[in-house]
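Hi,

Here is the structure I said I would pass on. Have a look at it first, and my notes follow underneath.

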Amino acid sequence: MALKFSKKTKAETGIPTASMPDIIFMLLIFFMVSTVFKEFRGIPVRLPAAKKIEKLPGKRNVAYIWADDRDRVSIDDKFVEISEIRRIMDPKLRDEIAPLRVVSMKIDERARMGFITKIQEELRETGGAALNVNYSTKTASN
Amino acid sequence: MMVEKKKKRTSEIPTSSLADIAFLMLIFFLVTTTIDVDKGIGLVLPPKGETKEVAKKNIMNLLVNAKGEVMIDEQIVDMPMIRNIVQGKLKENPNLIVSVKTDAATKYRHYIQVLDQLKQANATRISIAEPERR
């Protein structure tokens, strides 16, 4: 009696690893290309929340203005006077490699409107793309 | 004659650790990548010195005081109601301009809430008036 039918076929259970470096390299290159290092951090602010919000077009053509509730303004990691904003924004507008498209305002939710209007007045004086303002907010969780 | 035996030099670059190196770099870039996109409410400010005469019937006055109370055309309304009111008014008059006027002491948070409500009502013509100075 030859019980041949009991012979099991051993299924291959190993994952092929030959192409793993290629896959990793692909991922690596993707992340290398898409990474934008944070250039500066600004000042700690508590952003307000809103529902109907839009994305900024990117990070390379954006100027950030930080303002907190103690009437301090920070651009490019430096505290500046409101009257200096125009002088700082002007070369950004004329930058040939990455001209400014949007000004992102990171303003503390406790800041007062009188102070914010002063910043906006200064941006209006600058003109051009500095008029494109984006009030940075968090996403409101209903 | 054992002297003849040459040692064959291997001239290949070892590739066994390649995956590890790539992995390490991958993890580094994964960690440093900031995926979170900046989001916010967009608005285009008017250039300096640009003033337009607008018919009174096309203007809706929206006032925000220092406490965050909102008044639309002489009536106090709740913040979440702005959306419906503005939507209704826009249906009546699509050329309506919403003029947002704040107090100098109004909190920025309230201002953003108002703008958010206006954006939700699809109001595109928004005017920002100078705050009341005291």
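Reading chain A from the N terminus, the elements come in the order α-β-β-β-β-β-α-β-α-β-β, which comes to three helices and eight strands. Keep in mind that this is a predicted model. The scores are ipTM 0.70 and pTM 0.72. For chain B the average pLDDT is 82, and 88% of the residues score at least 70.

A bit more on chain A: it has 142 residues, and 27% of them are buried. If you take the contacts in chain A between residues at least 6 apart in sequence, 79% join residues at least 24 apart.

Now the sheet, which draws on both chains. It is open and has seven strands, in the order β2(A)-β1(B)-β7(A)-β6(A)-β3(A)-β4(A)-β5(A), and the pairing is mixed. Its edges are β2 (54–55) and β5 (78–80) of chain A, each pairing on one side only.

What does β1 of chain B pair with? On one side there is β7(A), antiparallel to β1(B) over five bridges. There is also β2(A), joined to β1(B) (residues 39–44) by two bridges, again antiparallel. One residue to click on here is B:Gly40: A:Ser136 stands opposite B:Gly40, and B:Gly40 is the bridge partner of A:Glu54 as well.

Two helices lie across this sheet. Helix α3 of chain A (residues 113–126) lies across β3 (62–67), β4 (73–75), β6 (102–107) and β7 (132–136) of chain A, and runs at about 150° to β3(A). Helix α3 of chain B lies across strands from both chains, namely β6 and β7 of chain A together with β1 of chain B, and runs at about 80° to β1(B).

Next, the core. The largest nonpolar core has 43 residues, and the ones with the most contacts inside it are A:Ile65, A:Val103, A:Ile107 and B:Val114. Helix α3 of chain B (residues 108–120) gives this core its largest share, six residues. If you want a place to start, try A:Ile65: leaving out residues up to four places away in sequence, A:Ile65 touches A:Val73, A:Ile75, A:Val103, A:Met105, A:Lys106 and A:Ile119.

On to the interface. In total, 45 residues of chain A are in contact with 38 residues of chain B. On the chain A side, α1 (20–34), β2, β6, α3 and β7 each supply at least two residues. Which of them gives the most? That would be α1(A), with nine residues. By type, the chain A side divides into 22 nonpolar, 12 polar and 11 charged residues.

One last spot to look at is B:Thr33, in the loop between α1 (18–32) and β1 of chain B. Is B:Thr33 buried or exposed? Neither, quite: B:Thr33 has 15 other C-beta atoms within 10 Å, so B:Thr33 counts as partly exposed, given that buried takes 20 or more and exposed 12 or fewer. Across the interface, B:Thr33 touches A:Phe31, A:Ser34 and A:Thr35.

Cheers

Methods: Residues are numbered from 1 along each chain as its sequence is written. Chains are lettered from A and ligands numbered from 1 in the order in which they are written. This is a predicted model: local features need pLDDT of at least 70, side-chain atom pairs count only at pLDDT 80 or more; totals for chains, interfaces and linings use all residues. A nonpolar core is a set of buried Ala, Val, Leu, Ile, Met, Phe, Trp, Tyr and Cys residues joined through C-beta atoms within 7 Å. Helices (H or I, at least four residues) and strands (E, at least two) are DSSP runs, numbered from the N terminus. Two residues are in contact if their C-beta atoms, placed from the backbone, lie within 7 Å. Two strands pair if DSSP finds at least two bridges between them. Axes are lines fitted to C-alpha atoms, for helices over the stretch in contact, and angles run from 0 to 180 degrees between N-to-C directions. pLDDT is the predictor's confidence in each residue, from 0 to 100. Ala, Val, Leu, Ile, Met, Phe, Trp, Tyr, Cys and Pro count as nonpolar, Asp, Glu, Lys and Arg as charged, and the others, Gly among them, as polar.
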